[in-house]
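Subject: Handing over the structure

Dear colleague,

I am passing this structure on to you, and you will find the sequence and the model just below. After that I set out what was found in it, starting from one residue and working outwards.

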Amino acid sequence: LYHYIFAPLLAKDRVERTYIDAGAHDYKAISNLYAFDVCLGFHGVCAEPRPETHESIRKYRHCELIDTCVSDRVETVEFVFHGGESGIVSTYTGKSENLHSSPHTNLTCQPLQPSL
């Protein structure tokens, strides 16, 4: 970690650092990449399908927001919304009671490629 992140920053290395935050969730809470974005100046893409998070991500993060799910191709999927355990129904790995008691909707997933 030091070799790839902190050493170049200390050496004033101007190499651009990037990240992909798939399932960005909240702009800061339980975010693994918030510090890379805000504190270290990395450039990134945040993918988050839950509409209630979009405003805060746009306001407090510097990433390009993909406001739907991501996939290797454009495809419409059934999606379950349950906070940090949201996901595509066909591959859902959260608790089964969340799958059955939480709201569902159809989303059109997008590939990351156009954003990179």
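Leaving aside its neighbours within four places in sequence, Cys46 is in contact with Tyr19, Asp21, Ala24, Ile57, Arg61, Cys63, Glu64, Leu65 and Ile66. Please keep in mind throughout that this is a predicted model. Cys46 sits in strand E2, and with a relative accessibility of 0% this residue counts as buried.

One of those contacts is also a covalent partner, since a disulfide joins Cys46 to Cys63, with an S to S distance of 2.2 Å. Cys46 lies in strand E2 whereas Cys63 lies in the loop between H3 and E3, so the pair ties together parts that are 17 residues apart in sequence. Computed along the chain Cys46 and Cys63 are thus 17 residues apart, while in space they are 5.8 Å apart, C-alpha to C-alpha. The torsion about their S-S bond is about -105 degrees, so this disulfide is left-handed, and both Cys46 and Cys63 are buried.

The strand that carries Cys46 has a parallel partner: E2 (residues 43-47) is joined to E1 by five bridges, and within that pairing Cys46 is the bridge partner of Asp21. Between the two strands comes helix H2 (residues 34-39), and E1, H2 and E2 together make a right-handed β-α-β unit. Along E1 (residues 18-22) the side chains alternate, with Tyr19 and Asp21 pointing to one face, where they are buried, and Thr18, Ile20 and Ala22 pointing to the other, where they are not.

Which residue makes a polar contact with the side chain of Asp21? The partner is Arg61, whose side chain makes that contact at 3.3 Å. Arg61 lies in the loop between helix H3 (54-60) and strand E3 (64-66), and its relative accessible area is 4%, which is under 20%, so Arg61 is buried. Not counting residues up to four places away in sequence, Arg61 touches Tyr19, Asp21, Tyr27, Ser31, Leu33, Tyr34, Asp37, Cys46 and Ser56; that list includes Tyr19 and Asp21 of the buried face of E1, as well as the cysteine in E2.

Helix H3 also holds His54, which counts as buried at 9% relative accessibility. A polar atom of the His54 side chain lies 2.7 Å from the backbone oxygen of Glu48. Beyond its neighbours within four places in sequence, His54 is in contact with Glu48, Pro49, Leu65 and Asp67.

The structure holds two disulfides, and the other one is formed by Cys69 and Cys109, whose sulfur atoms are 2.0 Å apart. Cys69 lies in the loop between E3 and strand E4 (75-80) and Cys109 in strand E6 (residues 104-109), so this pair ties together parts that are 40 residues apart in sequence. The torsion about the S-S bond of Cys69 and Cys109 is about -95 degrees, so this disulfide is left-handed as well. When the bonded cysteines are numbered in sequence order, the pairing is 1-2, 3-4. Cys39, for its part, counts as exposed at 59% relative accessibility.

Is Cys69 buried or exposed? At 5% relative accessibility Cys69 counts as buried, and Cys109 is buried too. Apart from residues up to four places away in sequence, Cys69 touches Pro49, Val77, Phe79, Leu107, Thr108, Cys109 and Gln110. The C-alpha atoms of Cys69 and Gly23 are 8.0 Å apart in space, although the two residues are 46 apart in sequence.

Strand E6, where Cys109 is found, belongs to an open sheet of three strands in the order E5-E4-E6, with antiparallel pairing. Strand E5 (87-88) and E6 stand at the edges, each with a single partner strand, so one side of each is left without a neighbour in the sheet. Six bridges join E4 to E6, and among the residues paired in this way is Glu78, whose bridge partner in E6 is Asn106.

With kind regards

Notes. Residues numbered from 1 in each chain as written. Predicted model: local features only at pLDDT ≥ 70, side-chain atom pairs only at ≥ 80, totals over all residues. Heavy atoms only, no water. Buried < 20%, exposed > 50% of the residue type's maximum accessible area, 1.4 Å probe, protein only. Helix = DSSP H or I, 4+ residues; strand = E, 2+ residues; numbered from the N terminus. Pairing = 2+ DSSP bridges. Right-handed = clockwise from strand over helix to strand, strands pointing away. Polar contact = N/O pair within 3.5 Å; in protein donor to acceptor, adjacent residues only side chain to side chain. Contact = heavy atoms within 4.5 Å. Disulfide = S-S within 2.5 Å.
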